[in-house]
Amino acid sequence: MPSHNQGLYTQRLLSLPILQTLDDLATKTRLPRSILSKYLHRNNRFYKSTYISKKSGGLRPISNPNSELKAIQRWILRNILTHLSPSPYAKGFILGKSIKDNAQPHAGKQYILSIDLKDFFTTIKASYVFSIFNSVGYSSNMSYFLTSICTLDGVLPQGSPTSPTLSNLICLRLDERIGRYCENKALTYTRYADDITISGNKLSVIKKAWHIVRMIIKEEGFTINKKKELLSGPQSQRKVTGLIVTPLVGIGREKYNYYRKKIFILLKKAEANHEDKIHGILSFVKSVDEQKFKKLSSYYQSLLVKP
């Protein structure tokens, strides 16, 4: 636990707002103390839960804070959390990074090990969040205040603007442990949110790493979704966060044909927002596969000029 003077020094060193009391937070956020106080206890009153379908089946709960709480969380994100750096192995929830940045380091590797962390956000406890704020110089009381504002029922809520960045900061030790091990074994490691990818060219080395990484994940308090563990090799198509990584990173032929058909159907049906959907597809493909984007774009233009 940092001393008072050490805490202030750390906050200044990291260009963080100096916060010692709830009144300081009220002054910085330009909100009455009474507004902030109501979000320090029984936060579940201020969230609305919705559900979205998972690709693997089932429903994923999304907890959306009310507009006032969301504004306070965005202030914390903008003024505190964005000043803190995640590990270089983290590729998700980072401005300017995409699934392509996560896939690129694994391009051309013979073996790809994919591991999915189960219930990622809700596995991250409030005590982990507290340790982040406390470690950057905030007192126990202030760390408690900030943690209370950013958590729901003792865990990170999926739907809060602070949760993605906090998850990366909390995974710093996980990333460093796995990353250092992999580097020592000539393996490549990246993490995109709850998707862990390890690649290499020797089957025996990556199989041993599989055992060690499982152990590290468990020790760091996370659980593996065993249904999504996959080791792919030279005889199979190797993917990282949905992108083909052999020989080059891209969407692959199957996905290209899917998008081509999708564009054709959207144009044929001519629904009210079909152009936005088509441009959304093209924009995504352009961000991850320039070559396939040019082909899709040309195909789209050819459809437009047909009588």
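Select strands S3 (residues 111-116) and S6 (230-232). Three bridges join S3 to S6, and the two strands run antiparallel. To find the register, show Leu113 and look across to Leu231 in S6, its bridge partner. The model on screen is a predicted one.

**The rest of the sheet**

Keep S3 selected and add S5 (residues 195-200). Six bridges connect S3 with S5, again in the antiparallel sense. Ile112 is a useful marker here, since the residue standing opposite Ile112 in S5 is Ser199.

Now add S4 (residues 188-192), which pairs with S5 over five bridges and is antiparallel to S5. Arg191 marks the register on this side: in S5, the bridge partner of Arg191 is Ile196. Between S4 and S5, zoom in on the hairpin, where two residues separate the strands. Ala193 in this hairpin has a positive phi, near 60 degrees.

With the four strands on display, read across the sheet: the order is S4-S5-S3-S6, the sheet is open, and the pairing is antiparallel. S4 and S6 are the edge strands, each pairing on one side only. Turn the view to look across the strands; the twist from one strand to the next averages 15 degrees.

Next, add helix H11 (residues 203-219), which packs on this sheet. The strands that H11 touches are S3, S5 and S6. Compare directions as well: that of H11 makes about 15 degrees with that of S3.

Colour S5 by accessibility before leaving the sheet. How many of its six residues are buried? Five are, and the strand is mostly covered. When following side chains along any of these strands, recall that in a regular strand they alternate between the two faces of the sheet.

**The aromatic pairs**

Hide the sheet and show the rings. Across the whole structure, a search finds eight aromatic pairs. Select Phe93 and Phe121, whose rings form a tilted pair with centres 6.0 Å apart and planes at 45 degrees. This pair links distant parts of the chain, as its two residues are 28 residues apart. Phe93 is in the loop between helix H4 (67-79) and helix H5 (99-103), while Phe121 belongs to helix H6 (residues 120-123).

Which of the two rings belongs to a buried residue? Phe121 does, with a relative accessible area of 9%. Phe93, at 36% relative accessibility, counts as partly exposed, because the partly exposed class lies between 20% and 50%. Check the backbone of Phe93 too: phi is near 60 degrees, a positive value in a residue other than glycine.

Widen the selection to include Phe120 and Phe222. Ring pairs link these two residues with Phe93 and Phe121 into a cluster.

**Helix H12 and its lysines**

Move to helix H12 (residues 252-269) and select Tyr256, which lies within this helix. Tyr256 is buried, with a relative accessible area of 6%. Then add Lys295, which lies over the face of Tyr256 at 4.7 Å from the ring centre. Along the chain Tyr256 and Lys295 are 39 residues apart, and their C-alpha atoms are separated by 9.1 Å. Show the remaining neighbours of Tyr256: leaving aside residues up to four places away in sequence, Tyr256 touches Ile251, Lys292, Lys295 and Leu296.

Now select Tyr258 and Lys255. Lys255 lies over the face of the Tyr258 ring, at 5.0 Å from the ring centre.

**Two backbone stops**

Follow the chain back from H12 into the loop between strand S8 (243-244) and H12, where Pro247 is located. The peptide bond from Thr246 to Pro247 is cis, with omega near -10 degrees.

End at Thr241, in the loop between strand S7 (239-240) and S8. What is the sign of phi at Thr241? Phi is positive, near 40 degrees, and the residue is not a glycine. Thr241 counts as partly exposed, at 22% relative accessibility.

Conventions. Residues numbered from 1 in each chain as written. Predicted model: local features only at pLDDT ≥ 70, side-chain atom pairs only at ≥ 80, totals over all residues. Heavy atoms only, no water. Phe/Tyr/Trp six-rings, centres within 6.5 Å; stacked < 30°, edge-to-face > 60°. Buried < 20%, exposed > 50% of the residue type's maximum accessible area, 1.4 Å probe, protein only. Lys NZ or Arg CZ within 6 Å of the ring centre and 35° of its normal. Pairing = 2+ DSSP bridges. Axes fitted to C-alpha atoms, helices over the stretch in contact; angles between N-to-C directions. Contact = heavy atoms within 4.5 Å.
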